[in-house]
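Student: I should like to learn how burial, packing and helix geometry are read from a model. Could we work through one example together?

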Amino acid sequence: MKYFKVTILSKGKKSFEVIEAVNKVAAIKIAKKHNAGKIVQKAVETKAPSGGGDLMGGFKKAFEPKIDINNKISAIRQLAVMTDAGISIHDAITEVAVNVENPKLKKIYENIGSDINAGKSIADSIAPYSEEFGHVTIAMTNLGEKTGNISGAYAKLSTILEDIRDNVKKFKKAIKGPIITLIAMAIAFTILIMVVVPKFKAMFEKFDTALPIPTQILLFLENILTNYGAYVLGGLFLIVFLVIRQYKNDKNFKYKLDKILVHPKFYLIHKIIFFSTMHKYTLVFGELVKSGIPVSEALDTAVDMVDNSYIKEKLLSVNANIARGISLSDAFEQTGLFENMLLQMIRAGETGGQLDAMLGKVTEYYDSRFQDLIDNLASYIEPIMLFFIAGLVLLMALGIFMPMWDLGKAVK
């Protein structure tokens with residue numbers, strides 16, 4: 001028995017179900033019985049669902065090493081070069097499996113090579129590893145097999161993955177400085193609370209008068225950190241882990257959090273998430289259309305690249321609306337995600353038969369907006385950082401000096 005990930009469409013919304021069956025046809029039949037009145041689009045072979053639903057299973061999965069995207073890009077580049085040189089895909093994959101450094105990726109390529117040697121197609125061999133490679137890899141593999149140009153498809157795929165990787169890398173580099181600053185502030189404030197405040201604590205306790213609120217806050221924090229510091233730290237780590245775990249496993253929780261993160265009131269973060277998501281979506285969609293993949297299939301693949309479930313829900317309606325005879329530009333307009341200028345460009349591309357070129361312009365627009373945010377991230381965050389630093393310094397100063405001023409007045 002094998003496991004298949006079945007895509008089900010109902011009222012413009014896409015859902016997935018993992019079904020155990022003998023083959024793909026049997027999986028589709030079972031899915032149709034379970035989902036009467038719904039459209040069963042496709043079934044893709046996948047790995048057996050893990051039984052790690054408990055807390056320890058979640059811990060193991062959270063710390064399981066992932067395949068570095070650089071290793072994936074390097075392997076795909078090698079496949080493109082070797083197949084372009086006339087080497088068979090089986091021999092090329094076998095060679096990549098020998099040379100790749102990542103042990104998990106090495107095992108995957110060995111399995112793919114064995115499946116191809118057993119008579120399976122490249123797409124069917126790579127389908128069970130869609131989580132590791134991503135949906136765009138599956139789509140480009142299918143395209144390469146259909147056109148007989150696997151080297152060209154993989155060359156284009158590696159370019160797409162490199163573009164996505166570079167944006168992620170740039171964002172991490174930009175956010176690294178502010179994160180280090182915040183951590184340094186937290187450590188410095190904790191040290192001050194645990195070292196400086198205790199020296200004044202004995203003196204404060206001798207006061208007969210009520211202590212000011214800033215001093216009471218400092219004494220409360222000192223008591224918590226001194227007596228329960230390890231528990232607080234452990235509790236914070238546990239809360240973060242549980243939130244991440246809930247985000248990954250609970251669709252309703254993920255949807256609500258994703259919706260909050262892209263709300264305009266969520267300063268700066270909503271723009272970074274929106275522009276990076278739309279850039280990735282239009283990049284993949286445009287490249288797939290340019291490569292010759294049908295618009296409906298390209299939309300399905302592109303929307304699978306979207307991580308934010310709130311934005312994804314809106315983009316999922318595009319394909320359903322196109323199936324009802326609505327134009328691509330009108331379907332995009334109904335999502336409420338695209339600016340009027342971009343819709344006009346897409347509409348002009350549809351009318352003039354240059355959709356791929358216009359999608360390229362749309363991708364460039366989202367990329368420029370994202371790059372502008374990242375390049376100026378420090379200047380956007382600086383006022384917030386200064387506000388927090390000023391708040392902590394003010395709390396420390398008032399908490400220590402206000403009782404001393406009151407003591408001075410009492411002496412006079």
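Student: Is serine 158 buried or exposed?

Tutor: The model is a predicted one, and the values are computed from it. The general idea is to compare the relative accessible area with a cut-off: a residue is buried under 20% and exposed over 50%. Serine 158 has a relative accessible area of 0%, so it is buried. This serine lies in helix H9. Beyond residues up to four places away in sequence, Ser158 touches Ile73, Ile76 and Arg77.

Student: How exposed is isoleucine 179?

Tutor: Values between the two cut-offs are called partly exposed. Isoleucine 179 has a relative accessible area of 41% and is therefore partly exposed. Ile179 is found in helix H9, which covers residues 150-195.

Student: Which residues make a nonpolar surface patch with Ile179?

Tutor: The patch is made by Ile179 together with Ile183, Ile187, Ile191, Met194 and Val195, and its area is about 530 Å².

Student: Is phenylalanine 220 buried or exposed?

Tutor: Phenylalanine 220 is exposed, because its relative accessible area is 52%, and the cut-off is over 50%. This residue lies in helix H11 (residues 213-249). Its C-alpha atom is separated by 9.9 Å from that of isoleucine 193, although the two residues are 27 residues apart along the chain.

Student: Where should one look for the nonpolar interior?

Tutor: In soluble globular proteins, nonpolar side chains tend to be buried together. Here the largest nonpolar core has 78 residues, and Tyr109, Phe332 and Phe338 have the most contacts inside it. Helix H13 (residues 269-291) gives the most to this core, namely eleven residues.

Student: What is phenylalanine 332 in contact with, leaving aside its neighbours within four places in sequence?

Tutor: Phe332 is in contact with Tyr281, Phe285, Leu299, Val318, Phe338, Leu343 and Ile346.

Student: What span should helix H8 have, and how far apart are its end C-alpha atoms?

Tutor: The general idea is to allow 1.5 Å a residue. Helix H8 (residues 135-147) has 13 residues and so should span 18 Å; its end C-alpha atoms are 18 Å apart, which agrees. Just after H8, glycine 148 takes a positive phi of about 75 degrees.

Student: Which residues of H8 are buried, and what do they pack against?

Tutor: The buried residues are Val136, Thr137, Ile138, Ala139, Met140, Thr141, Leu143 and Gly144. They pack against helix H6 (122-126), helix H7 (130-133), H9, H13 and helix H14 (295-303).

Definitions and conventions. Residues numbered from 1 in each chain as written. Predicted model: local features only at pLDDT ≥ 70, side-chain atom pairs only at ≥ 80, totals over all residues. Heavy atoms only, no water. Patch = residues over 30% accessible without salt bridge, like charges linked within 9 Å, V, L, I, M, F, W, Y side chains within 5 Å. Areas by Shrake-Rupley, 256 points an atom, 1.4 Å probe, with all protein chains shown as cover. Salt bridge = Lys/Arg side-chain N within 4 Å of Asp/Glu carboxyl O. Helix = DSSP H or I, 4+ residues; strand = E, 2+ residues; numbered from the N terminus. Buried < 20%, exposed > 50% of the residue type's maximum accessible area, 1.4 Å probe, protein only. Core = buried A, V, L, I, M, F, W, Y, C linked by side-chain atoms within 4.5 Å. Contact = heavy atoms within 4.5 Å. Expected span 1.5 Å × (residues − 1).
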